[in-house]
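What can a reader new to a protein model learn by going from the whole chain down to single side chains? Please look over the sequence and the structure shown here before reading on.

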Amino acid sequence: MILRLLIVILVFVLSYLSQRFWFKSLWRATERCVPWKRRVLRGLVVAALTLVILSFSERVVGRYWLPRVGVLQDVTALTQLWLFTSLFAFLLFGLVRLIETAWFKSKDLLTRTKPSGPADHNRRAFFRYAARTAAAIPLVAGIYGFASERFRFRVREVNVPLQDLPKGLDGLRIVQMSDIHAGDYMPIDELRRAVDMANNLRGHIAVITGDFVSNEHDPLDHCIAELSRLKAPLGIWGCNGNHEIYAKAEERSQALFQQHGMTLLRQENRQIEFNGAKFNLIGVDYQRDQMVAGPKMPMLYDANSLVRRDMPNILLSHNPNSFNRAAEMGIELSLAGHTHGGQVKFEILDKNITPARFITDFPAGLFDLPLSGSSVASNLKRSFLYVNRGLGTFALPARLGVEPEITLLTLRSV
């Protein structure tokens, strides 16, 4: 709790310092303009600052001050984009200036001279341009991620090799969607396009692993109505995510699923038959961890009685951190979301760097662990987890290197 409070305070302080720095810089940049142009530009700076303050307060208070209609919705999203990218721009700018200061301080100590020669002036010019370039990188990248990658939906096809899979389940096709976050950054018409793409995959069963909306002001009714357009002969199933907790919508989501002929599982299971074989589908609410306030029980503490030993088990659990416990319980396949794949990913020295690594060992894709009761040495049986990269975005309305995903998983007997 103390660590979380310190992180929140640090974010608030850095956000304030970054906005203060950029808007003071913009204000000073207008000083050399002719009077009429200076008044116009400073009016725009004041308007932009007002938008930033209102947008930031929306996230803190949890209420909407800004309209979400037409082009104003994009303005709101761009304001939120600015809040994040300008913070990183400020940090990179400050880092380069810190390096510059350290460089010249160390030079002064070693040579007992002050930076005054042509070479020193050239170095200062280099650092000045380097600082500006560094600051521009997150701004340009954020705009690209907002305009280009945010709605570049990608279908990922994944084979899941399961030992002792009944013959009738070999080839079972599961369509998975997750983390819709319908609202500011996921318009219903884009969700409609994603549902059409999912239907083209002709899955036998469709699942949605939580986070239908971001908060209580988002259009949960419209989101679930759109998801009900999914077509699968074995039905459409789902589980709640952490944002259903924030939106106080866990019960409402379940009721809306039922209203539209779908099933949202909450600490429940159902046996489903396909090609003469059966599997056990389990769904649980969000398994709380350090990211969500409130009482924290052991992962899947109330799911033991839901596991079957006479048929394969498939678990819908929004939080991928429940996978370790699921493997211990003998669950053959877990389907999760939550991470968005980090939303931003870049590569350094053949290593993928993503913020999702801070919250889980399972950021995106297919993972496996020894299944309870099997030999670790011989790897005879494995438990699998697939983490969907999500469809929508949260907080930062952009994606970089992590395309929004619709997954087609096919069970294969090995």
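The report below goes from the overall picture to two residues, then to a hairpin and a cavity.

This is a predicted model. The protein contains nine helices and 14 strands, and its C-alpha trace spans about 85 × 50 × 40 Å along the principal axes. Of the 414 residues in the protein, 49% are buried. Among contacts between residues at least 6 apart in sequence, 72% join residues that are at least 24 apart.

Ser18 has its place in helix H1, which covers residues 2-29, and with a relative accessibility of 0% Ser18 counts as buried, because buried means under 20%. Leaving aside residues up to four places away in sequence, Ser18 touches Ser86, Leu87 and Phe90.

Thr30 is found in the loop between H1 and helix H2, the latter covering residues 35-61. Thr30 has a relative accessible area of 5%, and it is therefore also below the 20% cut-off and buried. Not counting residues up to four places away in sequence, Thr30 touches Arg38, Leu41 and Arg42.

The polar contacts of these two residues are set out in the table.

| Residue | Partner | Distance |
|---|---|---|
| Ser18, side chain | Gln19, side chain | 3.4 Å |
| Thr30, side chain | Trp27, backbone oxygen | 2.6 Å |
| Thr30, side chain | Arg42, side chain | 2.7 Å |

Arg42 thus appears twice for Thr30, once among the residues that Thr30 touches and once as a partner in a side-chain polar contact of 2.7 Å.

Further along the chain, strand S6 (residues 268-274) pairs with strand S7 (residues 277-283) in the antiparallel sense, over seven bridges. The bridge partner of Phe274 is Ala277 in S7. The two strands S6 and S7 form a hairpin with two residues between them, and in this turn Asn275 has a positive phi of about 55 degrees.

How many cavities of 30 Å³ or more are there in the model? The count comes to one, and about 70 Å³ of space lies in the largest cavity. The lining of the largest cavity has four nonpolar, five polar and three charged residues. The residues that line the largest cavity include Arg59, Asp184 and Asp218, as well as Tyr64, His181, Tyr185 and Phe394. Also among the lining residues are Gly183, Ser214, Asn215, Thr393 and Ala395.

Key. Residues numbered from 1 in each chain as written. Predicted model: local features only at pLDDT ≥ 70, side-chain atom pairs only at ≥ 80, totals over all residues. Heavy atoms only, no water. Pairing = 2+ DSSP bridges. Helix = DSSP H or I, 4+ residues; strand = E, 2+ residues; numbered from the N terminus. Buried < 20%, exposed > 50% of the residue type's maximum accessible area, 1.4 Å probe, protein only. Polar contact = N/O pair within 3.5 Å; in protein donor to acceptor, adjacent residues only side chain to side chain. Contact = heavy atoms within 4.5 Å. 1 Å grid on protein atoms, 1.4 Å probe; cavity = no way out; pocket = protein on both sides within 12 Å on 5 of 7 lines; lining within 4 Å. Points joined across faces, edges and corners; volume = space filled by probe spheres on them. Nonpolar A, V, L, I, M, F, W, Y, C, P; charged D, E, K, R; others polar.
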